[in-house]
Amino acid sequence: MWAILSILVENKPGVLFKVTNMFRSRNFNIDSISVGITENPEYSRMTITTYGDEKQIQQIVKQLDKMIDTIEVKRLDEHKTVYRELVLFKIKVSKAADSMEINKLANAYGAKVHDAKKESIMVELTATPDQISAFEELIRPFGILEIARTGIAALQRTGA
Amino acid sequence: MSGARALMKALEKEGVKEVFGLPGGANLPMYDELYKSNIRHILVRHEQSAAHMADGFGRVSRKAGVCFATSGPGATNIVTGLATAQADSSPMIAVTGQVPVKMIGRDAFQESDIIGISNPVVKYAFQPREAGEIPEVVKKGFYIAETGRPGAVLIDVPKDVQQNEAEMVFPDEVRIRGYHPWTDPDIVETERAIEMLLSAHKPIILAGGGVIISGAFSELQSIAEMLMIPVVTTFKGKGAFPENHALSLGPIGMHGHAEANKLMTEADCVLAIGTRFSDRSVGTFEEFEKNLKIIHMDVDPAEIGKNQTTHVAVVGDVKASLRIMIKLLMKRALKKSDDNVWIKHVNEVRDYWRQNLKIHPGELSAARILRKLREVLPKEAIVTTEVGQHQMWASLFFDVIHPGTFFSSTGLGTMGWGFPAAIGAKTARPDLAVVDIAGDGSFNMTENSLATSVLENLPVIVFLVNNYSLGMVAQWQRTFYERRMIGVDQKNCPDYVKLAESYGAQGIRAQSLDELGKAIKAGLKSDVATVIDIPIDPEEDVLPFVAPGTPLKDMILPS
């Protein structure tokens with residue numbers, strides 16, 4: 001089971017270490033993590049995606065809640081949440097037609113093209129992890145040179 | 001005022017009268033202020049012992065014990081002590097010196113990243129970067145260490161932060177946004193728990209360390225007596241309930257009492273109070289919860305469902321939860337039936353095992369020497385243990401009569417804990433006799449605390465169950481490794497009577513039960529520590545024994 005956790009934490013040194021160290025020491029996995037400051041500069045928000053069975057996810061939430069530097073821990077329902085990830089792909093261009101093809105795919109996915117060179121193209125895509133995987137499959141035949149992903153940012157919809 | 005002065009003032013405001021420690025370069029400013037303060041310093045010979053003393057002090061007084069260590073190796077030497085206290089939810093404050101702020105991260109002399117190193121084994125760690133932060137940090141430290149589920153707190157103070165001057169404000173209260181140590185027990189859940197207990201045919205109470213930490217002794221006894229439910233304990237909960245009570249069955253687990261393990265397995269509903277269902281207590285998680293309704297009371301919500309599936313959970317301080325339960329029970333007309341089939345069975349099983357459990361032959365068998373200790377020792381005396389065979393024999397054969405007088409490193413299982421913890425306990429309660437039930441292997445690890453005991457006038461008795469071997473490991477090698485004995489023989493070294501005497505303590509060798517009784521009495525009267533060396537048969541095993549990874553019902557019994 002996949003879970004998105006939104007964790008409001010004290011914005012001070014060492015908190016990211018404590019949170020990730022808890023995952024490590026209790027044998028849980030972090031699938032992706034993104035951290036940034038919030039509307040209140042005293043707090044940061046961590047968005048962590050993780051895998052586990054129901055019991056494990058509940059334990060993760062409780063262990064996070066127990067930490068003194070966490071203010072609020074929410075397990076987000078993906079159907080009531082807007083969640084996106086940004087990814088940069090550097091894709092190999094072997095022949096002129098590749099470039100056109102990649103541009104077409106990028107357009108279809110609402111991705112932006114940067115740094116188009118003779119031998120490679122960089123594409124920026126902001127989407128859900130599923131859409132990113134689908135796009136990745138489509139461009140794989142061209143040859144993916146490098147990937148950088150940010151991890152998910154997520155917020156619950158108002159009234160949800 | 002300087003950061004170091006503020007530290008002492010803040011400790012005094014918390015009511016600290018003693019600290020256990022060892023000075024070094026990076027904590028000299030605080031020692032200089034300690035010199036000027038009213039706080040007594042108790043010098044140790046190794047920082048690990050300072051931490052265990054603070055831990056022992058904290059468990060007995062239920063107020064955080066305090067230890068001091070310098071930076072670098074001083075700080076790393078207390079890590080085992082922090083982990084031990086944290087694993088057993090013992091309130092403790094460790095104050096370490098650190099290299100000056102500007103030197104941090106430059107691999108300075110005696111620099112260790114103790115904040116990073118200690119992270120998984122503390123409840124919280126502080127590193128004030130400005131002298132002015134110290135009063136609030138200390139206040140928060142005690143608040144975190146002593147409330148909710150207690151634990152170990154580290155305060156790491158860079159040397160310049162100790163020396164710098166600042167305007168100090170000493171808060172009377174602190175609040176921490178992300179820390180909510182208390183939850184009010186839920187009435188509806190408590191009602192459900194009562195329904196479940198009353199409708200059970202074979203109910204049992206499992207009392208854990210939480211009962212001792214919250215001091216819920218009379219509440220536990222009331223519930224057990226009101227509902228006529230037999231009480232087993234975890235090893236950490238040993239002595240939460242008087243072990244001479246008609247409803248007491250003693251500890252369950254790897255070396256639990258035969259009757260306790262047997263009846264725990266038969267029960268259909270358990271009221272588990274302040275326990276985390278450790279693997280050493282329950283055998284296997286899957287087998288333990290089979291056909292068993294579990295009602296779990298605990299102060300820590302993260303313990304609910306961690307190891308066992310819970311049917312009803314009451315989160316909150318267990319003393320408060322039990323009080324609510326008693327109130328709700330008093331509103332009901334409980335019918336006490338005289339023909340309680342379950343209790344009859346419980347009594348039969350218990351009586352059978354108390355009469356028929358075979359004990360090791362010989363005058364100085366573990367059972368006989370521990371029963372002798374019980375016979376001679378006042379029931380209010382405090383007992384600590386080391387870790388190993390003697391510890392499990394204490395669990396089996398030493399009955400705790402006065403609740404909350406038995407302490408052991410149960411979670412981390414730290415060899416060397418018992419003796420310094422006994423000295424810490426004596427510091428907290430100088431009016432009581434304190435005995436460390438020890439094994440030779442464990443005692444070796446912190447035996448230099450004899451110096452502290454003698455020089456600081458903190459006399460305790462070391463009841464040394466001596467088989468000159470690492471007995472528990474030897475037992476596993478005999479049982480699981482076809483007697484391929486390696487690394488367990490201590491080869492009659494050292495002579496413990498001479499060792500004790502060399503520190504100015506009293507050393508007595510007891511070679512009969514009669515001599516043992518006399519030695520204990522001599523120890524109780526002594527102004528210095530007494531080491532009673534009791535040579536036992538190195539082949540004696542601890543039985544019953546539930547092998548690791550097997551269910552309680554498969555316990556190995558003495559043949």
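Q: What covers the buried residues of helix 5 of chain B?
A: The cover includes helix 3 (47-61), helix 4 (73-77), strand 4 (92-98), helix 6 (114-118) and strand 6 (152-158), which belong to chain B. Bear in mind that this is a predicted model.

Q: What makes helix 5 of chain B "mostly covered"?
A: The helix spans residues 79-87, and nine of its nine residues are buried. To earn that word, a residue needs 20 or more other C-beta atoms within 10 Å of its own. Among those that pass are Val79(B), Leu82(B), Ala85(B) and Ala87(B), but also Thr80(B), Thr84(B) and Gln86(B). Just after the helix comes Ser89(B), with a positive phi near 50°.

Q: Why is Met8(B) called buried?
A: Count the neighbours: Met8(B) has 25 other C-beta atoms within 10 Å. The cut-off is 20 or more, so Met8(B) qualifies as buried. This residue sits in helix 1 (residues 3-13) of chain B.

Q: Which residues does Met8(B) touch, not counting residues up to four places away in sequence?
A: Met8(B) touches Glu33(B), Leu34(B), Ser37(B) and Ile39(B). Contact here takes C-beta atoms within 7 Å. For scale, the C-alpha atoms of Met8(B) and His255(B) are separated by 44 Å, with their positions 247 residues apart along the chain.

Q: How do you know that both faces of strand 15 of chain B are covered?
A: Look at the two sides in turn. Val434(B), Asp436(B) and Ala438(B) are on one side, Val435(B), Ile437(B) and Gly439(B) are on the other, and all are buried. In a regular strand, side chains alternate between the two faces of the sheet. Strand 15 of chain B runs over residues 434-439, and six of its six residues are buried.

Q: What makes strand 13 and strand 15 of chain B a pair?
A: Pairing takes at least two bridges. Strand 13 (residues 382-385) and strand 15 of chain B have four, in the parallel sense, so they meet the cut-off. One of the matches puts Ile382(B) with Val434(B). Strand 15 of chain B also runs parallel to strand 16 (residues 461-466) of chain B, joined by five bridges, and there Ala438(B) stands opposite Leu464(B).

Q: Which residues touch the most other members of the largest nonpolar core?
A: They are Ala50(B), Cys67(B), Leu82(B), Ala94(B), Val462(B) and Ile532(B), in a core of 171 residues. Helix 7 (residues 134-146) of chain B gives the most to this core, seven residues. As for Ala50(B), its contacts include Phe20(B), Leu22(B), Val44(B), Cys67(B) and Ile78(B), leaving out residues up to four places away in sequence. Apart from the largest core lies another, of 16 residues, with Ala3(A), Leu5(A), Val15(A) and Met67(A) among them.

Q: What makes strand 6 and strand 8 of chain A edge strands?
A: Each pairs on one side only. The sheet is open, has four strands in the order 6-7-5-8 and pairs in the antiparallel sense. Strand 6 covers 112-114 and strand 8 covers 144-156. From one strand to the next, the twist averages 15°.

Q: How many bridges join strand 5 to strand 7 of chain A?
A: Eight bridges join strand 5 (residues 81-92) to strand 7 (residues 120-127) of chain A, and the two run antiparallel. The cut-off is at least two, so this counts as pairing. Phe89(A) stands opposite Val123(A) there.

Q: Which helices lie across these strands?
A: Helix 3 (residues 96-108) of chain A lies across strand 5, strand 6 and strand 7, at about 10° to strand 7. Helix 4 (residues 129-139) of chain A lies across strand 5, strand 7 and strand 8, at about 20° to strand 5.

Q: What are the bounds of the two domains of chain A?
A: The domain assignment gives domain 1 as 2-76 and domain 2 as 82-156. Their centres, taken over C-alpha atoms, are 28 Å apart. Eight residues from domain 1 and seven residues from domain 2 make up the contact. On the domain 1 side, strand 2 of chain A supplies the largest share, three residues. By class, that side has three nonpolar, five polar and no charged residues.

Methods
Residues are numbered from 1 along each chain as its sequence is written. Chains are lettered from A and ligands numbered from 1 in the order in which they are written. This is a predicted model: local features need pLDDT of at least 70, side-chain atom pairs count only at pLDDT 80 or more; totals for chains, interfaces and linings use all residues. A residue is buried if 20 or more other C-beta atoms lie within 10 Å of its own, exposed if 12 or fewer, and partly exposed in between; C-beta atoms are placed from the backbone. Two residues are in contact if their C-beta atoms, placed from the backbone, lie within 7 Å. Domain bounds come from an automatic or database domain assignment. Ala, Val, Leu, Ile, Met, Phe, Trp, Tyr, Cys and Pro count as nonpolar, Asp, Glu, Lys and Arg as charged, and the others, Gly among them, as polar. A nonpolar core is a set of buried Ala, Val, Leu, Ile, Met, Phe, Trp, Tyr and Cys residues joined through C-beta atoms within 7 Å. Axes are lines fitted to C-alpha atoms, for helices over the stretch in contact, and angles run from 0 to 180 degrees between N-to-C directions.
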